[in-house]
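Good morning, colleagues. Please take a moment with the sequence and the model before I begin.

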Amino acid sequence: MAAQSSGTQVCPVATTIGLLDSKWKVLILRNLLVGPSRYSEIMETIPGISSKMMSESLRSMEEDGIIVREEGENSRVVTYSLSELGETLRPIIDAMRVWGTEYLRNNPKDQ
C-alpha cells in the first residue's frame, strides 16, 4: 500500500486509514492482539465476514507487513499473528475500544 498524500505532503492519518481500510481488517487486528489464531478461529469471532473477504484481508495485511502467516508442519495448519509493525497498532485499537465502550455507555440505544 502506498502512502497517502494530501497535495505534496504525506498524510499520516490517511496512510493509517489506507492500511486499515475496512472494518474487517480492524476486527481481524483486534482478534490477533489477543494472540496468534488459526483462520477458522478468526472466522468464528467475526460474524458476517465471508471467506473471500477474510482471505483478501489477511493477504493484504500480510503484504503490508502487519501480520505474519505461518504454516505448521502440516501445511493445512496455518496460524496468523501480528508482526512487530502490527503490534505498534495496539494503542490505536485500545483507544478505539475505550472510545466505543464510553459511546455505548452513553448511547444504550445503539447496543
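**N31 and its surroundings**

With a relative accessibility of 12%, N31 counts as buried; buried means under 20% relative accessible area, exposed over 50%, and partly exposed in between, with a 1.4 Å probe and protein chains only. I should state early that this is a predicted model, in which local features need pLDDT of at least 70, side-chain atom pairs count only at pLDDT 80 or more, and totals for chains, interfaces and linings use all residues. Residues are numbered from 1 along each chain as its sequence is written, and side-chain values use heavy atoms, with hydrogens and water left out.

N31 lies in helix 2, residues 23-32. Helices (H or I, at least four residues) and strands (E, at least two) are DSSP runs, numbered from the N terminus. Which residues does N31 contact, apart from its neighbours within four places in sequence? They are I42, T45 and I46, where contact means heavy atoms within 4.5 Å.

Let me turn to the protein as a whole. Six helices and five strands make up its secondary structure, and from the N terminus the order is β-β-α-α-β-α-α-β-β-α-α. The C-alpha trace spans about 45 × 45 × 25 Å along its principal axes.

Of the 111 residues, 29% count as buried. When one takes the contacts between residues at least 6 apart in sequence, 41% of them join residues at least 24 apart.
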